[in-house]
Amino acid sequence: MPQFQMKDQYGQSYSDSSVKGKPVVLMGCFLRDLEICRKQGRKLYWKMQNLLWKDSSKVQFLLYLDFQETNKLVEDYLEESKTKQYESILLDRKGYLSVGLTKGESYLRIFNKSGKLISSSYQEQMDEDLIQEIYGILKKEI
């Protein structure tokens, strides 16, 4: 698991040490790909909540954006979105997790309970086959 420490849009802090002991689904995008990440992350998260049901709290889902090159417009949008019920998005202002990101795709990684990488892929869309594949990986880990 890469080392990181960052906050989400609501100010909640997360770090690699705060998610230890659980399988972690880590999905990231460049800032300009916010909508890709949000749509894919939302679909994956809610499908996993249904598929894993009672075990969903045993898995940590983290969505992050490379937030190193932000601007006032984005910061204003972020401030405005704090009043809405969006899923948590980590803001990687220092580039902890920027290595490996690709334009126009989300970078999806799954780590086991000990922090070892067990799956890594790039996604343009989140389809049912991929969701079932991720479910199978997670079910073995919990």
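Modeller: In this predicted model, a residue counts as buried when its relative accessible area is under 20%, as exposed when that area is over 50%, and as partly exposed in between.

Biologist: Is isoleucine 131 buried or exposed?
Modeller: Isoleucine 131 has its place in helix 3. Its relative accessible area is 0%, and the cut-off for burial is under 20%. Isoleucine 131 is therefore buried.

Biologist: What distance separates the C-alpha atoms of isoleucine 131 and lysine 47?
Modeller: Residues up to four places away in sequence are set aside here, and isoleucine 131 then touches Lys43, Leu44, Lys47, Met48, Leu51 and Met126. Lysine 47 is thus one of the residues that isoleucine 131 touches. The two residues are 84 residues apart along the chain, yet the separation of their C-alpha atoms is 7.5 Å.

Biologist: Which elements do the buried residues of helix 1 pack against?
Modeller: Helix 1 covers residues 34-52, and its buried residues include Leu44 and Met48. An α-helix has 3.6 residues a turn, so residues three or four places apart point the same way. Also buried in helix 1 are Leu34, Cys37, Arg38, Gln40, Gly41, Gln49 and Leu52. The packing partners of the buried residues are strand 3 (24-30), strand 4 (60-66), helix 2 (72-81), strand 6, strand 7 and helix 3 (128-141).

Biologist: How far apart are the end C-alpha atoms of helix 1?
Modeller: The helix has 19 residues, so at 1.5 Å a residue it should span 27 Å. The model agrees with this expectation, since the end C-alpha atoms lie at a separation of 26 Å.

Biologist: Which geometry does the aromatic pair of tyrosine 45 and tryptophan 46 have?
Modeller: The structure holds 3 aromatic pairs. In the pair of tyrosine 45 and tryptophan 46, the centre-to-centre distance is 5.0 Å and the planes make an angle of 80 degrees. Planes over 60 degrees apart meet the criterion, so the pair is edge-to-face.

Biologist: What separation in sequence does the pair of tyrosine 107 and tyrosine 122 tie together?
Modeller: Tyrosine 107 and tyrosine 122 are stacked, at 4.8 Å centre to centre with 10 degrees between the planes. Tyrosine 107 belongs to strand 6 (residues 106-111) and tyrosine 122 to strand 7 (residues 117-123), so the pair ties together parts whose distance in sequence is 15 residues.

Biologist: Which of tyrosine 107 and tyrosine 122 is buried?
Modeller: Tyrosine 122 has a relative accessible area of 36% and is partly exposed. With a relative accessible area of 11%, the buried residue is tyrosine 107.

Biologist: Which residues does serine 119 contact, leaving aside its neighbours within four places in sequence?
Modeller: Serine 119 lies in strand 7. At 17% relative accessibility it counts as buried. Its contacts are Leu108, Arg109, Ile110 and Ile137.

Biologist: Which element gives the most residues to the lining of the largest pocket?
Modeller: The largest pocket holds about 340 Å³ of space. It is lined by 19 residues, and the closest to its centre are Tyr45, Phe61, Leu62, Leu63 and Ser88. Strand 3, helix 1 and strand 4 each give two or more residues to this lining. With 5 residues, the element that gives the most is helix 1.

Biologist: Which residue forms one aromatic cluster with Tyr45 and Trp46?
Modeller: Tyrosine 45 is partly exposed at 28% relative accessible area, and tryptophan 46 is partly exposed at 45%. The residue that joins these two in one aromatic cluster is Phe61.

Conventions:
Residues are numbered from 1 along each chain as its sequence is written. This is a predicted model: local features need pLDDT of at least 70, side-chain atom pairs count only at pLDDT 80 or more; totals for chains, interfaces and linings use all residues. Side-chain values use heavy atoms; hydrogens and water are left out. Rings of Phe, Tyr and Trp (its six-membered ring) pair if their centres lie within 6.5 Å; planes under 30 degrees apart count as stacked, over 60 as edge-to-face and the rest as tilted. Buried means under 20% relative accessible area, exposed over 50%, partly exposed in between (1.4 Å probe, protein chains only). Helices (H or I, at least four residues) and strands (E, at least two) are DSSP runs, numbered from the N terminus. The expected span of a helix is 1.5 Å times one less than its number of residues. Contact means heavy atoms within 4.5 Å. On a 1 Å grid over the protein atoms alone, a cavity is a set of points where a 1.4 Å probe fits but cannot get out, and a pocket is an open set with protein on both sides within 12 Å along at least five of seven lines; lining residues have an atom within 4 Å of a point. Grid points are joined across faces, edges and corners, and a volume is the space filled by probe spheres set on the points.
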